[in-house]
Amino acid sequence: MGSAITKDHSGTLNIDFVISMFLLLVIMASVLSIAEGRLDTVQKADEAAQARSISETVASTIEEVYSGGEGHEIKIQMPPDIKGSYYQVKVNQSGVLVQVGGWSGYSYSFSKKISDYGMNQAEVTMQPKKNYTIRNVKEGKSNTVIIS
C-alpha cells in the first residue's frame, strides 16, 4: 500500500501520437477516395466529349457529301479508340450516335437515306481503326448516302 502512483509523461505522449496518426490516416483515406472519384468523373466526361466530337465529324461529313450532289465522296478514318476505350458509331437517317463506356454523343442531321453497300440497310455501324468512304449516289429520283 505504500507505493505511490507515478506519471509516465512519455506514455501519454505516445498515446496522443497514435490517436493523431489514426485521425490523420482516416482523413487522408477519405480525401484520396474523393479525389479518385473526381478523376474518374473527369475521364468519363472527356470520353463523352470526344464521342460527341466524333459524332459531329461524321455528321458534318455526311451533310457535306449529301449537299455536294451525286458522285461526291469523302474518305474518313475512324480513330483507334477514345481514351483507351472501345467505341461504336451508329449512323441512321436522323443522325449519328457514338457510344463509349456507358456514355454517348449524338449529332442530328437532316433526314436522308443512309445505306451500306453490302447490306443495304437503314442503319450503318462504323468501327474503330477503319477507313470509310461516304458517297452520294443517285437512287431512282432521290439521292442516297452510302457508307462503305
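**Entry 1. Strands E7 and E8**

I began with the pairing of E7 and E8, which is antiparallel and runs over six bridges. The model I am reading is a predicted one. The two strands form a hairpin, with two residues between them. In the turn I noted Gly140, whose phi is positive, about 70°. I then looked for the residue opposite Arg135 in E8 and found Ile146.

Is E8 enclosed or open? I checked its residues, 142-147, and five of the six are buried, so the strand is largely enclosed by the rest of the structure.

**Entry 2. Strand E1**

Next I followed E7, residues 131-139, to its pairing with E1. This pairing is also antiparallel, with five bridges. Arg135 appears again here, as the bridge partner of Glu73. I therefore record Arg135 twice: across from Ile146 in E8, and bridged to Glu73.

I then examined the two faces of E1, residues 73-77. Ile74 and Ile76 lie on the covered face, whereas Glu73, Lys75 and Gln77 lie on the uncovered one. I recalled that side chains in a regular strand alternate between the two faces of the sheet.

**Entry 3. The nonpolar core**

Which residues touch the most other members of the largest nonpolar core? I found Val58, Ile62, Val89, Val91, Met126 and Ile147, in a core of 23 residues. At least two core residues come from each of H1 (9-68), E1, E2 (87-92), E3 (95-100), E6 (124-126), E7 and E8. H1 gives the most, with six residues. As general background, I noted that nonpolar side chains tend to be buried together in soluble globular proteins.

I took Val89 as an example and looked up its contacts, leaving aside residues up to four places away in sequence. Val89 touches Ile54, Met78, Val96, Leu97, Val98, Val124, Thr125 and Met126.

**Entry 4. The protein as a whole**

Finally I turned to the overall arrangement. I counted one helix and eight strands. Along the sequence, the pattern reads α-β-β-β-β-β-β-β-β.

How much of the protein is buried? Of its 148 residues, 28% are buried. The exposed area is about 10000 Å², and carbon and sulfur atoms supply 59% of it.

I also looked at how far apart in sequence the contacting residues are. Among contacts between residues at least 6 apart, 58% join residues at least 24 apart.

Note on methods:
Residues are numbered from 1 along each chain as its sequence is written. This is a predicted model: local features need pLDDT of at least 70, side-chain atom pairs count only at pLDDT 80 or more; totals for chains, interfaces and linings use all residues. Side-chain values use heavy atoms; hydrogens and water are left out. Buried means under 20% relative accessible area, exposed over 50%, partly exposed in between (1.4 Å probe, protein chains only). Helices (H or I, at least four residues) and strands (E, at least two) are DSSP runs, numbered from the N terminus. Two strands pair if DSSP finds at least two bridges between them. Contact means heavy atoms within 4.5 Å. Accessible areas come from the Shrake-Rupley method with a 1.4 Å probe; for residues, only the protein chains shown count as cover. A nonpolar core is a set of buried Ala, Val, Leu, Ile, Met, Phe, Trp, Tyr and Cys residues joined through side-chain atoms within 4.5 Å.
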